[in-house]
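Hi,

Here is the structure I said I would pass on. Have a look at it first, and my notes follow underneath.

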Amino acid sequence: ESLQVGELAKKLNKETSEIIKKLMGLGIMATINQELDKEAIELIAADYDVEVEEEIIIDETEFENYEVVDDEKDMQVRPPVVTIMGHVDHGKTTLLDAIRNTKVTAGEAGGITQHIGAYQITNNGKVITFLDTPGHAAFTTMRARGAQVTDITILVVAADDGVMPQTVEAINHAKAAEVPIIVAVNKMDKEAANPDRVMQELTEHGLVSEAWGGDTIFVNVSAIKGDGIDDLLEMINLVSEVEELKANPNRTAIGTVIEAQLDKGRGSVATLLVQSGTLKVGDPIVVGHTFGRVRAMVNDLGRRVKSVGPSTPVEITGLNDVPQAGDQFMVFADEKKARQVGESRSKKQQDAQRKESSKLNLDDLFNQIKEGDIKEINVIIKGDVQGSVEALAGSLQKIDVAGVKVKIIHSGVGAINEYDIMLASASNAIVIGFNVRPDNGAKRTADAEKVDVRLHRIIYNVIEEIESAMKGMLDPEY
Ligand code: GDP
């Protein structure tokens, strides 16, 4: 709203004295620190043919505490969002497929199943949303980013195998998030199935079945044969009624990114889960540190849709960059504000990352390690899909050469862009492109900033290269 004379001069790229002279001409006697009102600013700016754009004060809390309070009378029942967790090989994927295949039926003919990270089914007239990235990696990533999307967890335990380490992890995750658990005892078709043992073992982890006087729902299923699926879905409906899940569909949409990636043809593609409000094509939107306008929306059956309400997953295009799973999104009334909030958030993130990172000179990596100057090698990873980025990050972080380790200061999906290079430059990091290349701006900047960019297609090669550099055995690049 107001600006000091000195600040205005800086913004206009003029000498302060010149501005003061102009102000005098307008009958305003001013000093360098004097606050100017909007009218005076506009007069001066107009004199230089500069248009004044009012800086919108961004209320970050509006975005971060995005659980906007709605009036109780506006709240309507919404579908539950269900995550399936459990030990590896206990049948999570099979169960997700079985549910989808049995329930997406005749009425949906013509639709082609799309894996967008979540899907919806209808059971007895009631819609249920499933996140179809099984396992608790997705669940944890989202929670770490402050996103709570799951209403109900299905804990899959194989009846022939019982409680295993990841079963316990899954229980702990769900408990920490205070998400109700329904136990699906799977593989009941198997000879060695022993559901009583599963019940017994889970008792030790605080999950006592109703049959034994507790309050945890157990359902016996065979994902492969499709047995017990209806019972399981009934139980989901029951729990969701108890939970009284509600949202206000008549407001601008807010929610969370389920997954996102760079598509060769369509650009940035993100699956969003609408948590409140209704998302429409054309909406100006901020998604994590990206922004844009919703260009097109495609649902889990590959159909184009114009608007979607609470608990619905939808794939959107139209963002300026690729957001990350767990990022929150918010629709704004106008595009200009969305852009400003998006840019401000993007800048804040860059600043934060710059501050976090420590100095490292790559040319002299081995010598610096020898001299004990560095204990960490900063690395930025960009890749084509989130999965390989995570896998690569995991592998690199395990490298340990004489106590020196790799620190991933930034990672993401998409082409290497200028921002990655600037971040690398500011923090002396190497940039690794995994199945992606630098865009034109990034190439120029990397040359100018002398940032080391390495492109790879095989994880093993990346690891070998970094290890060699750390050991001082890297062949010089000519
Ligand atoms: P996930 O790692 O938990 O996703 O497990 P999967 O769904 O990939 O299943 C692991 C293995 O168990 C696969 O070979 C499945 O065919 C098998 N499986 C899954 N559900 C059942 C079931 O109900 N009965 C039997 N017999 N095998 C199953």
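A quick definition to start with: I call a polar contact a pair of N or O atoms within 3.5 Å; within protein, one must be able to donate a hydrogen and the other to accept it, and residues adjacent in sequence count only if both atoms are side-chain atoms. One such pair joins the backbone nitrogen of valine 163 and a polar side-chain atom of glutamate 201, 2.7 Å apart.

Before the rest, some housekeeping. This is a predicted model, so local features need pLDDT of at least 70 and side-chain atom pairs count only at pLDDT 80 or more, while totals for chains, interfaces and linings use all residues. Residues are numbered from 1 along each chain as its sequence is written, and side-chain values use heavy atoms, with hydrogens and water left out.

Back to glutamate 201, which is part of helix H8. (Helices are DSSP runs of H or I with at least four residues, strands are runs of E with at least two, and both are numbered from the N terminus.) Neighbours within four places in sequence aside, glutamate 201 is in contact (heavy atoms within 4.5 Å) with Gly162 and Val163.

Helix H8 covers residues 195–203 and lies across E7, E8 and E9, at about 125° to E7. Angles here run from 0 to 180 degrees between N-to-C directions, with axes fitted as lines to C-alpha atoms, for helices over the stretch in contact.

Those strands belong to an open, mixed sheet of six, ordered E5-E6-E4-E7-E8-E9. Strands pair if DSSP finds at least two bridges between them. At the edges are E5 (118–123) and E9 (217–220); each has a single partner strand, so one side of each is left without a neighbour in the sheet. From one strand to the next, the twist averages 30°. E5 pairs with E6 (residues 126–131) in the antiparallel sense over six bridges, and tyrosine 119 stands opposite phenylalanine 130 in E6. Helix H5 (residues 92–103) also packs on this sheet, touching E4, E5, E6, E7 and E8, and its direction makes about 50° with that of E5.

Then there is the ligand. Which residues are closest to it? Asp89, Lys92, Thr93, Thr94 and Asp189, out of 15 that surround the ligand (a heavy atom within 4 Å). Polar contacts to ligand oxygen atoms include a polar backbone atom of aspartate 89 at 2.7 Å, a polar side-chain atom of lysine 187 at 3.0 Å, and a backbone N or O atom of alanine 223 at 2.9 Å.

Further along, a second open sheet has five strands with mixed pairing, in the order E21-E22-E20-E23-E24. Its edge strands are E21 (400–401) and E24 (453–456), each pairing on one side only. E21 meets E22 (residues 404–413) in the antiparallel sense over two bridges, and valine 401 has valine 404 as its bridge partner in E22. Helix H15 (residues 459–471) lies across E20, E21, E22, E23 and E24, running at about 160° to E23.

Cheers
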